[in-house]
Amino acid sequence: MTTLKSKLQEDLNTAIKARDELRSSTLRLTLTAITKEEVAGTEKRELSDDEVLKVLAREAKKRREAADAFAQGGRTEQAEREKAEGEVLAEYLPKQLDDDELTEIVAAAVAEAKAAGAEGPRAMGAVMKIVNPKVAGLAEGGRVAATVKKLLAS
């Protein structure tokens, strides 16, 4: 078992013993998603820590989107629950880049793409290819794309 997956399992056991319903249900759902990912495909395999982080990020994104949808639908109680679950998952994810750090990385990538001959809004794909490996797991894709668009437009 990977170190991150075993940490999730240990934290689940602790949450169950402490009767922390929110944490235990969130960790159960996350571990189920990890197991589902492990058995997907033709044969069962053990996920690496990086793959477990991707599953965690995907689950956290689901919680954010659900919270937004519930909030727009006027169901504040469910929205608060989804936000709380997202906060539990955020504890296991790496710290997100702030706007200044993200802008700095994207600006360097834009300069690199322009040096390679990519110009204007059409350079979006080239810049994203440079930026994505650098910010994988540290910034949400939508934030990255918005920053790239903003810097290419200026």
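Domain bounds here come from an automatic or database domain assignment. Keep that in mind for the pocket lining, which draws at least three residues from each of domain 1 (3–91) and domain 2 (99–153). The model is predicted.

**Stop 1: the two domains**

Select residues 3–91 and colour them as domain 1. Then select 99–153, which is domain 2. Put a marker at the centre of each domain, taken over C-alpha atoms; the two markers sit 29 Å apart.

**Stop 2: the largest pocket**

Turn on a pocket surface next. The largest pocket holds about 750 Å³ of space. Its lining counts 27 residues. Show Ala57, Gln96, Gly137, Ala139 and Glu140 as sticks: these are the lining residues closest to the pocket centre.

Now colour the lining by class. You should get 11 nonpolar residues, six polar and 10 charged.

**Stop 3: the helices around the pocket**

Which helices each supply at least two residues of the lining? Select helix 3 (49–72), helix 4 (76–90), helix 6 (124–135) and helix 7 (141–153). Which of the helices gives the most to the lining? That is helix 3, with 10 residues.

**Stop 4: helix 3 against helix 4**

Hide the rest and keep helix 3 and helix 4. Their axes come within 8 Å and cross at roughly 160°. An angle over 145 degrees counts as roughly antiparallel, so helix 3 is roughly antiparallel to helix 4. Check the hand as well: the crossing of helix 3 and helix 4 is left-handed.

**Stop 5: helix 2 against helix 4**

Keep helix 4 and swap helix 3 for helix 2, residues 21–39. The axes of helix 2 and helix 4 lie 10 Å apart, and the packing angle is about 70°. The range from 65 to 115 degrees counts as roughly perpendicular, and helix 2 and helix 4 are therefore roughly perpendicular to each other. Helix 2 passes helix 4 in a right-handed crossing.

**Stop 6: helix 6 against helix 7**

Finish with helix 6 and helix 7. Select 124–135 for helix 6 and 141–153 for helix 7. The two axes cross at roughly 135° and come within 10 Å. That makes helix 6 oblique to helix 7. The crossing of helix 6 and helix 7 is right-handed.

To close, bring the pocket surface back. Helix 6 and helix 7 each supply at least two residues of its lining, as do helix 3 and helix 4.

How values were computed: Residues numbered from 1 in each chain as written. Predicted model: local features only at pLDDT ≥ 70, side-chain atom pairs only at ≥ 80, totals over all residues. Heavy atoms only, no water. 1 Å grid on protein atoms, 1.4 Å probe; cavity = no way out; pocket = protein on both sides within 12 Å on 5 of 7 lines; lining within 4 Å. Points joined across faces, edges and corners; volume = space filled by probe spheres on them. Helix = DSSP H or I, 4+ residues; strand = E, 2+ residues; numbered from the N terminus. Nonpolar A, V, L, I, M, F, W, Y, C, P; charged D, E, K, R; others polar. Axes fitted to C-alpha atoms, helices over the stretch in contact; angles between N-to-C directions. Parallel < 35°, antiparallel > 145°, perpendicular 65-115°, else oblique. Left-handed = near helix turned anticlockwise from the far one by under 90°.
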